[in-house]
Amino acid sequence: MDDPQKKIDVLLVDDDPTEYEIIRFKLSDVDSHEVSIDYVSTLEDAISKVSERNYNIVLMDNMLLPHQDFRQTVPEIRKARYIGPIGIISSDISGGYFQAFGEYGADFRMAKQEIDARSLRYIFNEYTRDNSVPFDEIA
């Protein structure tokens with residue numbers, strides 16, 4: 001008997017609509033969860049969305065203009081009382097300030113080129129507290 005897939009509601013915050021299409025396509029390959037994705041392009045819209053709906057996870061682009069980076073945006077999401085996991089996604093995570101992501105309320109960081117079905121399954125299992133899939137089955 002197959003277990004029902006866990007439903008995961010994702011909010012993607014990225015000012016580039018092409019990134020939404022790419023990530024939405026990659027999410028369609030995740031077979032371990034039933035994934036629903038909402039997309040917004042501004043911090044203000046993200047704050048509005050998290051106050052309206054209980055997302056399992058927020059994926060947030062590092063650079064959302066006019067803000068400098070996640071050090072300004074993630075605390076604003078936390079001030080909106082979102083307590084779920086927030087992942088910072090960026091084309092380049094080599095900057096030293098990325099090491100301090102937890103100090104600003106983020107739970108993880110990830111390069112956009114690392115996003116695929118396998119990494120998303122891992123993130124969903126790890127950060128949504130669904131540990132029903134043994135780690136060796138994730139590979």
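## A walk through the sheet, cores and salt bridges

Val10 has Ile57 as its bridge partner in β3. That pair is a handy way into this structure, which is a predicted model. Strands β1 and β3 run parallel and are joined by four bridges.

**The sheet and the overall layout**

Step back from that pair, and the wider arrangement comes into view. Five strands make up an open sheet with parallel pairing, and their order is β2-β1-β3-β4-β5. At the edges sit β2 and β5, each of which pairs on one side only. On average, neighbouring strands of the sheet are turned by 25 degrees against each other, direction ignored.

Along the chain, the protein has four helices and five strands. Reading from the N terminus, these elements run β-α-β-α-β-α-β-β-α. The protein has 139 residues, of which 43% count as buried. Taking contacts between residues at least 6 apart in sequence, 64% of them join residues at least 24 apart.

**Two nonpolar cores**

In soluble globular proteins, nonpolar side chains tend to be buried together. Here the largest nonpolar core holds 19 residues, and Leu11, Val13, Val58, Met60, Ile86 and Ile88 have the most contacts inside it. At least two residues of this core come from each of β1 (6-13), α2, β3 (57-61), α3 and β4.

What does Ile86 touch, if residues up to four places away in sequence are not counted? Its contacts are Val58, Met60, Val74, Ile77, Arg78, Gly105, Ala106, Asp107 and Phe108. Keep Arg78 and Asp107 in mind, since both return below as salt-bridge partners.

Another core, of 18 residues, lies apart from the largest one, and its members include Tyr20, Ile115, Ile123 and Phe124.

**Helix α4 and its cover**

Ile123 and Phe124 are also among the buried residues of helix α4, which spans residues 117-127. The other buried residues of this helix are Ala117, Ser119, Leu120, Arg121 and Asn125. The cover over the buried residues of α4 includes β1, α1 (17-27), β2, β3 and β5. At the start of α4, a side-chain oxygen of Asp116 comes to within 3.2 Å of the backbone nitrogen of Arg118.

**Salt bridges**

Side chains of opposite charge can pair when their charged atoms come close. How many salt bridges does the model contain? The count comes to eleven. Three of them are set out here, with the N to O distance for each pair.

| Salt bridge | N to O distance |
|---|---|
| Asp38 and Lys49 | 4.0 Å |
| Arg71 and Asp69 | 2.6 Å |
| Asp107 and Arg78 | 3.0 Å |

Take Asp38 and Lys49 to begin with. Asp38 lies in strand β2 (residues 33-40) and Lys49 in helix α2 (residues 43-52), so their pairing ties together parts that are eleven residues apart in sequence. Asp38 is buried at 17% relative accessible area, whereas Lys49 is partly exposed at 26%. Both residues also belong to a network in which salt bridges that share partners join Lys7, Asp9, Asp38, Lys49 and Arg53.

Is Asp69, the partner of Arg71, buried or exposed? With 3% relative accessibility, Asp69 counts as buried. Arg71, by contrast, is partly exposed at 28%.

The pair of Asp107 and Arg78 links distant parts of the chain, 29 residues apart. Asp107 sits in the loop between β4 (86-90) and β5 (108-111), while Arg78 belongs to helix α3 (residues 70-79). Asp107 is partly exposed, with a relative accessibility of 30%, and Arg78 is partly exposed as well, at 23%. As promised, these are two of the residues that Ile86 touches.

**Two backbone details in the loops**

Two spots are worth a look if you are tracing the backbone. Leu65 and Pro66 are joined by a cis peptide bond, with omega at about 10 degrees. Pro66 is in the loop between β3 and α3.

The other spot is Arg81, a residue other than glycine whose phi is positive, near 75 degrees. Arg81 is located in the loop between α3 and β4. At 75% relative accessibility, Arg81 counts as exposed.

Terms used:
Residues numbered from 1 in each chain as written. Predicted model: local features only at pLDDT ≥ 70, side-chain atom pairs only at ≥ 80, totals over all residues. Heavy atoms only, no water. Salt bridge = Lys/Arg side-chain N within 4 Å of Asp/Glu carboxyl O. Buried < 20%, exposed > 50% of the residue type's maximum accessible area, 1.4 Å probe, protein only. Core = buried A, V, L, I, M, F, W, Y, C linked by side-chain atoms within 4.5 Å. Contact = heavy atoms within 4.5 Å. Pairing = 2+ DSSP bridges. Axes fitted to C-alpha atoms, helices over the stretch in contact; angles between N-to-C directions. Polar contact = N/O pair within 3.5 Å; in protein donor to acceptor, adjacent residues only side chain to side chain.
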